[in-house]
Amino acid sequence: MARRVTEVLAADAAAVLGLPTGRTPMPLYRLLARLGDEGTLDFSQATTFNLDEFLGIGPDHPGSYHAYMQQHLLSHVNLPSTRAHLLRGWTEDPERECARYEAEIEDAGGIDLQLLGIGANGHIGFNEPGPHLMARTHRASLRPGTRRANAIFFGGDSDAVPKEALSMGMGTILKARRIVLMATGKSKARAVQRTVHGSLTTRVPASFLQLHRDVELICDHAAAAGLGTR
Ligand code: GLP
């Protein structure tokens, strides 16, 4: 996945990248950070948009995706802070913040390469399984399992994980010109299997990636365990 990023930036130094958080991309960011520290990765003309952020916590909160991105990538690369976009989870007006974010993505010319992780329940960003999905950036309620999965960013306490978040919508993600989804570990095997072989269903938000013309899945053997079967 790091190679995908370096290739895209080599082809277009001003590329627009969509970035995920979570445990899965940590090794990716470690590699990119090392290249950044060595000065061999040039983000000076790039633009990034993060997928999502918890609602109701500030950028300095250690559990925020702002803090995560700062720690894992932004403090290591020469990306101007004005072009590192994240949703402001501390906003007083979530709906307006979501509209602002959509407009910023539009103004940047759309996302060239969207990197994604996947939740064990098939969520992407914070587009959780349910009876319907939202197309645009929106305010989302988090499932208990998703809050538990994010507890490591909140001192291991899932009750400390906010109940809501702001997230790019399914349409925001699917409008990216190219998508790379990354999954590791056996806890993702079922979600990966349903994403690749299952029906399109709002119960598995990632299944909608089947509609995209340029999506690539990078996974380890454990996450790929269900791919031979239907
Ligand atoms: C989180 C994030 C997603 C991430 C997913 C998987 O809740 N909102 O963007 O891809 O869940 O996280 P992890 O990589 O830690 O399993």
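## The loop between H7 and S9

His 212 sits in the loop that joins H7 to S9. The model is a predicted one. His 212 is buried, because its relative accessibility of 12% falls under the 20% limit. Set aside the residues within four places of His 212 in sequence, and its contacts are Leu 174, Ala 176, Arg 177, Arg 178 and Ile 179.

Arg 213 belongs to the loop between H7 and S9 as well. Arg 213 is exposed, because its relative accessible area of 83% is over the 50% limit. From Arg 213 to Gly 155 the C-alpha separation is 39 Å. Along the chain, these two residues are 58 residues apart.

## Helix H7 and its packing

H7 covers residues 189-197. Its buried residues are Ala 189, Ala 191, Val 192, Gln 193 and Thr 195. Two strands receive them: the buried residues of H7 pack against S8, residues 178-183, and S9, residues 215-219.

## The largest pocket

The largest pocket has a volume of about 460 Å³. Its lining is made up of 25 residues. Nearest the centre of the largest pocket lie Arg 23, Ile 118, Gly 119, His 123 and Lys 188.

Helix H5, residues 144-149, supplies the largest share of this lining, with three residues. By class, the lining of the largest pocket holds nine nonpolar, 13 polar and three charged residues.

## Around the ligand

The ligand has 15 residues around it. Those that come nearest are Arg 23, Thr 24, Asp 52, His 123 and Lys 188. Arg 23, His 123 and Lys 188 are also among the residues nearest the centre of the largest pocket.

Three side chains place an N or O atom at a stated distance from the ligand. For Asp 52, the partner is a nitrogen atom of the ligand, 2.8 Å away. For Asn 150, the partner is an oxygen atom of the ligand, at 2.9 Å. For Lys 188, the partner is again an oxygen atom of the ligand, at 2.6 Å.

## Thr 146 in helix H5

Thr 146 is part of helix H5. Thr 146 is buried, because its relative accessibility is 2%, under the 20% limit. Leaving out residues up to four places away in sequence, Thr 146 touches Asn 121, His 123, Phe 126 and Glu 128. One of these contacts, His 123, is also among the residues that come nearest the ligand.

## Leu 51 between S2 and S3

Leu 51 lies in the loop between S2, residues 47-50, and S3, residues 52-54. Leu 51 is buried, because a relative accessible area of 3% is under the 20% limit.

Residues up to four places away in sequence are not counted in what follows. Leu 51 touches Leu 19, Pro 20 and Leu 87, among others. Its contacts also include Gln 114, Leu 115, Leu 116 and Gly 125. Leu 166, Ser 167, Met 168 and Ile 173 are among them too. Leu 51 and Ile 124 are 73 residues apart in sequence, and their C-alpha atoms are 8.7 Å apart.

## Ala 135 between S5 and S6

Ala 135 is placed in the loop between S5, residues 113-116, and S6, residues 138-141. Ala 135 is partly exposed, because its relative accessible area of 40% lies between the 20% and 50% limits.

Beyond residues up to four places away in sequence, Ala 135 touches Gly 169, Met 170, Gly 171 and Thr 172. Met 168 is 33 residues from Ala 135 in sequence. The C-alpha distance between Ala 135 and Met 168 is 8.1 Å. Met 168 is also one of the residues that Leu 51 touches.

## The second largest pocket

The second largest pocket has a volume of about 230 Å³. It is lined by 13 residues, and His 66, Ser 81, Ala 84, His 85 and Leu 86 are the closest to its centre. Three elements give two or more residues to this lining: helix H3 (65-74), strand S4 (84-85) and helix H4 (94-107).

H3 provides the largest share of the lining of the second largest pocket, four residues. The lining of the second largest pocket divides into five nonpolar, five polar and three charged residues.

Methods: Residues numbered from 1 in each chain as written. Predicted model: local features only at pLDDT ≥ 70, side-chain atom pairs only at ≥ 80, totals over all residues. Heavy atoms only, no water. Buried < 20%, exposed > 50% of the residue type's maximum accessible area, 1.4 Å probe, protein only. Contact = heavy atoms within 4.5 Å. 1 Å grid on protein atoms, 1.4 Å probe; cavity = no way out; pocket = protein on both sides within 12 Å on 5 of 7 lines; lining within 4 Å. Points joined across faces, edges and corners; volume = space filled by probe spheres on them. Nonpolar A, V, L, I, M, F, W, Y, C, P; charged D, E, K, R; others polar. Near = heavy atom within 4 Å. Polar contact = N/O pair within 3.5 Å; in protein donor to acceptor, adjacent residues only side chain to side chain.
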